[in-house]
Amino acid sequence: MSQQLDSLPQLVAKFINNTQQNIFLTGKAGTGKTTFLKSITQHTHKSVIVAAPTGIAAINAGGVTLHSLFQLPFGAFVPDNNGLPQQTISTPINTPRTLLSSFQMHKNKRNMLKKMELLVIDEVSMLRADLLDAIDLILRSVRHQRDLPFGGVQVLFIGDLLQLPPVVKDDEWKTIGAYYPSVFFFHSQVLRQNPPLYVELEKIYRQSDDTFINLLNNLRNNIVTDADVKLLNKYYRPNYQQKSNEEIILLTTHNRIANDKNLKALRNIKEKSVFFKAEVIGDFSEHNYPTEAQLEFKKGAQVMFTKNDYSGEQKYFNGKIGTITRLHKDEIEVSFNNGDEPAIAEPYIWENKKYTVNKDSNEIEENIVGTFKQYPLKLAWAITVHKSQGLTFDKAIIDVQNAFAPGQIYVALSRLRSLDGLILTSPIPKEGLT
């Protein structure tokens with residue numbers, strides 16, 4: 001009887017639990033990176049902390065921001081104490097000396113970082129190289145392990161580098177560019193000296209059509225062919241007009257375009273508005289709200305669920321689009337055109353977490369310091385590509401002619417299950433895909 005081989009995620013989990021090696025876990029959109037993150041944090045025996053570069057990413061990952069975890073000052077970081085060039089800059093520049101000399105961390109927080117065995121950083125495509133070097137410096141200092149990368153903490157990096165990139169200002173890059181080949185995290189000095197194990201998840205769960213998968217792979221790898229462009233442009237519909245009840249969403253590049261589209265469509269519905277105000281308790285920054293603090297809906301509005309059905313009945317999932325068919329101040333019913341049973345939306349509680357060391361057990365504990373309770377719904381005639389990360393759509397209108405960030409077109413297309421659900425608002429030239 002042959003022994004069944006473990007799947008790649010299972011092997012990676014075993015590797016994390018039995019070694020100290022840093023790992024970069026990547027993969028195309030739809031390969032299960034988020035599922036793996038949730039599984040490893042729930043089942044590892046190690047003291048783990050989850051963090052992300054931005055507030056929204058941290059809330060979605062069930063963690064904290066890197067800036068708050070390590071009490072990092074805002075601004076850039078250069079790994080050099082020899083002084084900065086004499087130039088005018090509009091943002092602060094920190095050095096190892098200035099960072100550590102001004103660094104003040106409560107004893108409990110220091111103990112927490114000392115107890116931490118595994119640091120998971122999600123959405124690593126947005127993590128800057130200089131920020132990671134600053135984190136490395138702080139961990140070496142706090143843990144009194146100055147010769148070990150990250151002070152001996154194992155780091156699991158998760159993300160797709162061909163999605164949303166780090167943000168760096170031009171004047172910042174004029175200074176830190178002398179130390180880094182690029183702003184991406186893997187060009188930090190700590191990782192250039194200590195490269196992580198590279199693991200790529202390859203099995204795609206979102207798409208099953210080989211033609212679409214191959215096109216996405218070519219787009220992701222910057223090897224788009226004329227045949228790929230020709231195939232995509234078959235879905236160009238120059239005179240297409242989005243209807244209010246067809247459960248198809250517009251993916252666009254700017255918040256203004258998405259907001260205007262949603263507001264206009266809502267105003268065109270001749271029904272009474274019902275408002276739903278979020279219940280915010282404790283420490284939950286407005287900048288990190290996972291959805292609107294006040295939702296305005298009408299019967300007949302097209303909406304999208306922003307969380308999976310946690311009841312276990314699987315009546316909806318993150319990204320499922322439907323139409324409000326019954327609406328009261330304490331009930332929202334959403335129906336679907338595909339024949340699925342209507343779903344009653346239930347308020348969802350998002351948690352803002354912080355980590356501390358339990359004085360009795362001497363182990364790291366998660367502490368919920370704030371909650372945000374709101375219906376996991378949003379108007380869904382339009383959404384930005386940025387906010388669509390992690391979502392799955394059966395049908396989408398894609399408007400990316402003004403794409404301003406590398407990876408936006410790939411992210412937009414990879415939200416779809418198949419090409420059958422694609423509508424392009426403008427033809428895409430080959431140079432627009434690279």
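## A guided tour, beginning at strand S9

Strand S9 and strand S20 (residues 382-384) run parallel and are joined by 3 bridges. This is a predicted model, and the tour starts at this pair of strands. Select Thr252 of S9 and look across to S20, where Thr384 stands opposite. Next, add strand S21 (residues 396-398) to the selection: S21 also runs parallel to S9, with 3 bridges between them. Within S21, Ile398 is the bridge partner of Leu251.

Now display the side chains of S9 (residues 249-252). Are its faces covered or exposed? Both are covered: Ile249 and Leu251 are buried on one side, and Leu250 and Thr252 are buried on the other. In a regular strand, side chains alternate between the two faces of the sheet.

**The open sheet**

Move to the sheet formed by strands S3, S2, S6, S7, S1 and S8, which lie in that order. This sheet of 6 strands is open, and its pairing is parallel. Which strands form its edges? They are S3 (64-65) and S8, each of which pairs on one side only.

Within the sheet, select S6 (residues 118-121) together with S7; the two run parallel and share 4 bridges. Val120 has Leu156 of S7 as its bridge partner. Keep Leu156 highlighted, as the next stop returns to this residue.

**The nonpolar cores**

The largest nonpolar core has 60 residues, and the members that touch the most others are Phe70, Leu156 and Phe157. Helix H7 gives the most to this core, with 9 residues. A second, separate core comprises 31 residues, among them Phe212, Leu231, Ile249 and Val411. Ile249 was met earlier as one of the buried residues of S9.

Centre the view on Phe157 and show its surroundings. Leaving aside residues up to four places away in sequence, Phe157 touches Ile23, Phe24, Leu25, Ile121, Val124, Leu127, Leu132, Phe150, Phe185 and Leu191.

**The aromatic cluster**

Phe157 also belongs to an aromatic cluster, together with Phe24, Phe150, Phe184, Phe185, Phe186 and Tyr198. The model contains 15 aromatic pairs. One to inspect is Phe24 with Tyr198: the ring centres are 5.7 Å apart and the planes stand at 70 degrees, so the pair is edge-to-face. Phe24 is in strand S1 (residues 23-27) and Tyr198 is in strand S8 (residues 197-201), so this pair ties together parts that are 174 residues apart in sequence. Phe24 is buried, with a relative accessible area of 7%, whereas Tyr198 is partly exposed at 49% relative accessibility.

**Two residues with positive phi**

Phe150, a member of the same aromatic cluster, merits a look at its backbone. Its phi is positive, about 55 degrees, although Phe150 is not a glycine. Phe150 lies in the loop between H7 and strand S7 (154-158). Is Phe150 buried or exposed? With 1% relative accessibility, Phe150 counts as buried.

Select Gln71 next. Gln71 is not a glycine either, yet its phi is positive, at about 50 degrees. Its position is in the loop between helix H4 (66-70) and strand S4 (76-77). Gln71 is partly exposed, its relative accessible area being 32%.

**Helices H7 and H6**

Return to H7 (residues 129-142) and select Ser141, which is part of this helix. Ser141 counts as buried, because its relative accessibility of 14% is under the 20% limit. Setting aside residues up to four places away in sequence, Ser141 touches Leu100 and Arg146.

Then turn to helix H6 (residues 107-115), in which Lys109, Met112 and Leu113 are the buried residues. Where around the axis do they lie? They cover an arc of only 95 degrees, which puts them on the same side of H6.

**Confidence**

To finish, colour the model by pLDDT. The protein averages 85, and 92% of the residues score at least 70. Over residues 1-5, however, the pLDDT is below 50, and this stretch has 0 contacts in the model beyond near neighbours in sequence.

Conventions: Residues are numbered from 1 along each chain as its sequence is written. This is a predicted model: local features need pLDDT of at least 70, side-chain atom pairs count only at pLDDT 80 or more; totals for chains, interfaces and linings use all residues. Side-chain values use heavy atoms; hydrogens and water are left out. Buried means under 20% relative accessible area, exposed over 50%, partly exposed in between (1.4 Å probe, protein chains only). The arc is that of the directions from the helix axis to the C-beta atoms. Two strands pair if DSSP finds at least two bridges between them. Contact means heavy atoms within 4.5 Å. A nonpolar core is a set of buried Ala, Val, Leu, Ile, Met, Phe, Trp, Tyr and Cys residues joined through side-chain atoms within 4.5 Å. pLDDT is the predictor's confidence in each residue, from 0 to 100. Rings of Phe, Tyr and Trp (its six-membered ring) pair if their centres lie within 6.5 Å; planes under 30 degrees apart count as stacked, over 60 as edge-to-face and the rest as tilted.
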